[in-house]
Amino acid sequence: MLGYDWPRLHAALNDLPVALLLAAVLFELAGVITKRAAFRSAGFWTLMLGAVGGAVAVVSGLQAEAHISHGDAVHRAMETHEELGLITLGIFGVLALWRLVRENRMGSAERAVSLAVALGGAAALFATGMYGGRLIFEHAAGIPTGVLQAEIQARTAGHEHAGGGEDSHDSAAHDGDHDHAAPPTVAESAAVAPVASPASDSAKPTTHTHAPGTPPHKD
Ligand SMILES: [Zn+2]
């Protein structure tokens, strides 16, 4: 729908729980420090929405895992990202249930413990996001091989811009659209070359094979 496949949907759906859960932890922290009920209330509801959003993010992530072409490096990073995501959802899921049951009966000690759990959840959330970012920015996970090859060719071809004299287009027309990095060096080209190798080119999700002893995909 609208050109959205599972990897794109996963990337889009992740924003909501990340923002909500971090806001929940900050509201809770403010509530413990200031003792104001409004912060606790804001923390409670952002936690509830964030936990639901986190479940949606995990489900879409498991779908994305099963629908992208990848090699061993991506596979390993995906497994770590998945484990961290499940740990994060587990922490905030337990916290949400805990608060649902105990919210109006919590003493200051119990509230302090729940805050410590929330801070642990925030750490897990950061780690999950970090590995998710690595998947995209270091491995181009979710970028179809054909798109990647076309982009490598376009970057290699380079791009002249205003001041270059032979620029055929107006810089104002796409001002701010992109940076004008120098064409890749030989080393950079070599670094991305394996991605476009015939072996990975033919690697479709269904034909992806794993090294002996690698656990199968959990999809
Ligand atoms: Zn794999």
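**Helix packing in a predicted all-helical model**

Helix H5 is hardly covered, as the count of buried residues among its 13 residues is 0. In this predicted model, H5 spans residues 145–157 and reaches 18 Å from its first C-alpha to its last, close to the 18 Å expected at 1.5 Å a residue. The helix is followed by Gly158, whose phi is positive, near 80°.

The protein as a whole contains 7 helices and 0 strands, and the order of its elements from the N terminus on is α-α-α-α-α-α-α. Of its 219 residues, 23% count as buried. Among the contacts with a separation of 6 or more, 80% are accounted for by residues 24 or more positions apart. The pLDDT averages 83 over the protein, and 73% of the residues score at least 70. Over residues 192–207, however, the pLDDT is below 50, although this stretch has 19 contacts in the model beyond near neighbours in sequence. Where pLDDT is low, predicted coordinates should not be read in detail.

The largest nonpolar core comprises 19 residues, and those with the most contacts inside it are Leu21, Ala24, Leu47, Phe92 and Leu95. At least two residues of this core are supplied by each of helix H1 (6–34), helix H2 (37–65), helix H3 (72–102) and helix H4 (108–137), and H1 gives the most, with 6 residues. Leu21 touches Gly50, Gly54, Phe92, Gly121 and Leu125, when residues up to four places away in sequence are not counted. Apart from this largest core lies another, of 7 residues, among them Ile68, Val74, Leu135 and Ala140.

Phe27, which lies in helix H1, counts as buried because it has 22 C-beta neighbours inside 10 Å, where 20 or more are required. With residues up to four places away in sequence left out, Phe27 touches Phe39, Ala42, Gly43 and Thr46. Phe27 and Leu47 are 20 residues apart in sequence, and their C-alpha atoms are 9.6 Å apart in space.

Helix H4, in turn, has 30 residues and reaches 43 Å from its first C-alpha to its last, close to the 44 Å expected at 1.5 Å a residue. Its buried residues are Ser114, Ala118, Gly121, Ala122, Ala124, Leu125, Thr128, Gly132 and Leu135, and what covers them includes H1 and H3. Of these H4 residues, Gly121 and Leu125 are touched by Leu21, while Leu135 is among the residues of the 7-residue core.

Positive phi values also occur in two loop residues that are not glycine, Lys35 and Ala140. Lys35 has its place in the loop between H1 and H2, and its phi is near 65°. This residue counts as exposed because it has 11 C-beta neighbours inside 10 Å, and the limit for exposure is 12 or fewer. Ala140, by contrast, lies in the loop between H4 and H5 and has a phi of about 55°. With 20 other C-beta atoms within 10 Å, Ala140 is buried, since burial calls for 20 or more. Ala140 is also one of the residues of the 7-residue core that lies apart from the largest one.

Definitions and conventions. Residues are numbered from 1 along each chain as its sequence is written. This is a predicted model: local features need pLDDT of at least 70, side-chain atom pairs count only at pLDDT 80 or more; totals for chains, interfaces and linings use all residues. Helices (H or I, at least four residues) and strands (E, at least two) are DSSP runs, numbered from the N terminus. The expected span of a helix is 1.5 Å times one less than its number of residues. Two residues are in contact if their C-beta atoms, placed from the backbone, lie within 7 Å. pLDDT is the predictor's confidence in each residue, from 0 to 100. A nonpolar core is a set of buried Ala, Val, Leu, Ile, Met, Phe, Trp, Tyr and Cys residues joined through C-beta atoms within 7 Å.
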